[in-house]
Amino acid sequence: MDTGHFDRHAAQDDDLSVLRLIRSRRVGPATYHRLLAEHGSARAALDALPSIAAAAGITDYEACPEGVAAAEMAAGRKAGARLIRCDSPLYPAALREIDGAPPVLWVRGDPAWLSKHPVAVIGARNASSLGLRMARGMAAGLGEAGHTVVAGLARGIDTAAHNAALPTGTVAVMAGSVDVIYPAENTVLAAQIAEKGALVSEQPPGTEPQARHFPTRNRIVSGLSLAVVVIEAAHRSGTLITAKNALDQGREVMAVPGHPMDARASGCNQLIRDGALLVRNSADVCAALEREPALAGMAETVPVPTPRPEPVEPGQIEARILSRLSPSPSDENDVIRDLGLPAAAASAAILSLELQGRLLRVPGGRLALG
């Protein structure tokens with residue numbers, strides 16, 4: 001472990017004291033910071049804890065044993081993670097400012113990514129294909145513009161954003177520990193992030209994610225970031241909790257609008273109604289952050305390879321067309337190009353669906369679900 005200008009053994013003692021204090025019963029981040037302010041050091045706070053507990057009517061109180069903290073440090077080393085305390089120069093300054101900032105972070109990867117103009121890109125787990133495309137374009141564009149993309153490694157929007165930002169650097173904030181990957185399907189992605197960005201958690205190594213961990217994880221996602229960009233979110237969702245955290249922390253909240261009849265867009269539309277900034281792409285985000293957006297649009301459009309035409313049954317064509325549509329209108333030419341089919345076959349299927357009442361033609365050569 002790099003201990004900077006501290007003596008190695010003294011730093012280890014300090015790390016143990018810090019870990020013992022934050023892992024002690026009934027000591028959360030807010031209590032930790034208050035104890036440190038009152039007593040000047042973690043070690044002094046540990047000495048005072050039993051008498052503080054007794055005054056509060058708690059008998060036989062014991063702080064976290066030194067052996068437990070030492071075992072956590074050993075487990076962190078075994079996991080290839082690094083302990084970063086809130087008094088370390090490596091700890092992200094933006095996160096240090098929030099109420100109840102995590103006293104310690106475990107990081108797998110390069111902690112420098114935590115401070116490289118981070119922007120959170122978050123949204124629904126059950127994202128639409130349009131939402132996933134938006135997330136990929138948004139994350140790639142922000143990365144090209146020099147931002148670290150932050151998300152929570154969840155399914156859907158988070159996963160799409162992390163994948164698109166791998167070439168430019170991304171940070172995944174974990175609900176469990178940095179060595180317990182959830183969901184398991186993102187194990188390979190997490191390993192790639194550890195190589196090309198950073199995995200971050202305030203939980204001890206070996207911690208399985210519990211329901212209570214997700215809201216606390218969300219405050220770190222927003223606390224790390226200059227802004228939080230929301231792409232698809234249901235009316236009641238963890239994504240909106242993150243947005244609320246961001247507002248409470250003084251961060252900019254931005255949202256991509258969606259069709260009023262699409263439940264996955266209701267949260268974003270609500271945020272915009274309540275004052276969040278409407279954004280259409282990464283250039284809008286960069287402009288709002290007063291950064292140079294010139295590079296932001298370079299990766300905005302994700303090229304879709306056109307497959308070779310092959311015989312397809314009319315029913316299959318119709319199903320493929322419907323899978324590409326939503327209540328929000330799409331350009332008919334784009335839909336036909338995405339299908340990679342002869343225009344005549346696609347147009348015949350579109351006409352059939354229109355007659356069945358399953359899609360609508362909208363002025364301007366656009367199509368929407370009926």
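## Reading the packing and pairing in this predicted model

Q: What makes helices H6 and H7 contact partners, and which residues meet?
A: In this predicted model, Gly-131, Leu-132, Ala-135, Arg-136, Ala-139 and Ala-140 of H6 meet Ile-157, Ala-160, Ala-161, Ala-164 and Ala-165 of H7. Contact here calls for heavy atoms within 4.5 Å.

Q: How do the residues of that contact divide into nonpolar, polar and charged?
A: There are nine nonpolar residues, one polar and one charged. Gly counts as polar and Arg as charged, so Gly-131 and Arg-136 fill those two places.

Q: At what angle do H6 and H7 pack, and what is the handedness of their crossing?
A: H6 (residues 129-144) and H7 (residues 157-165) pack at about 35 degrees, and their axes are 8 Å apart. The crossing of H6 past H7 is right-handed.

Q: Why is the pair of Tyr-182 and Phe-214 given the name it has?
A: Let's set the values against the cut-offs. The ring centres are 6.1 Å apart, and the limit for a pair is 6.5 Å. The planes stand at 70 degrees, and angles over 60 count as edge-to-face, so this pair is edge-to-face. By this rule the count comes to one aromatic pair.

Q: Which parts of the chain does this ring pair link?
A: Distant ones: Tyr-182 sits in the loop between strand S5 (170-173) and helix H8 (187-196), while Phe-214 belongs to helix H9 (residues 213-224), 32 residues apart.

Q: Is Tyr-182 buried, partly exposed or exposed, and how do you know?
A: Its relative accessible area is 43%. Buried needs under 20% and exposed over 50%, so Tyr-182 is partly exposed.

Q: Why are S10 and S11 called edge strands?
A: The open sheet of three strands is ordered S10-S12-S11, with antiparallel pairing. S10 (330-331) and S11 (359-362) each have a single partner strand, so one side of each lacks a neighbour in the sheet.

Q: How do you know that S11 and S12 pair?
A: Four bridges join S11 to S12 (residues 366-369), and at least two are needed for a pair. These strands run antiparallel, and Arg-366 in S12 is the bridge partner of Val-362.

Q: Which are the edge strands of the sheet of nine strands, and what makes them so?
A: This open sheet has mixed pairing and the order S1-S2-S6-S5-S4-S3-S7-S8-S9. S1 (82-85) and S9 (277-278) are its edge strands, each pairing on one side only. From its edge, S1 pairs with S2 (residues 104-109) in the antiparallel sense over four bridges, with Arg-82 standing opposite Val-107 of S2.

Q: Which strands do H8 and H9 touch when they pack on this sheet?
A: H8 touches S2, S5 and S6 (198-201), and its direction makes about 105 degrees with that of S6. H9 touches S3 (119-123), S4 (149-151), S5 and S7 (227-231), and its direction makes about 155 degrees with that of S5.

Q: Why is strand S8 described as largely enclosed by the rest of the structure?
A: Four of the five residues of S8 (residues 252-256) are buried, so that description fits. S8 pairs with S7 in the parallel sense over five bridges, and Glu-252 of S8 stands opposite Ala-227.

Technical notes. Residues are numbered from 1 along each chain as its sequence is written. This is a predicted model: local features need pLDDT of at least 70, side-chain atom pairs count only at pLDDT 80 or more; totals for chains, interfaces and linings use all residues. Side-chain values use heavy atoms; hydrogens and water are left out. Axes are lines fitted to C-alpha atoms, for helices over the stretch in contact, and angles run from 0 to 180 degrees between N-to-C directions. A crossing is left-handed if the near helix is turned anticlockwise from the far one by less than a right angle, and right-handed if clockwise. Rings of Phe, Tyr and Trp (its six-membered ring) pair if their centres lie within 6.5 Å; planes under 30 degrees apart count as stacked, over 60 as edge-to-face and the rest as tilted. Buried means under 20% relative accessible area, exposed over 50%, partly exposed in between (1.4 Å probe, protein chains only).
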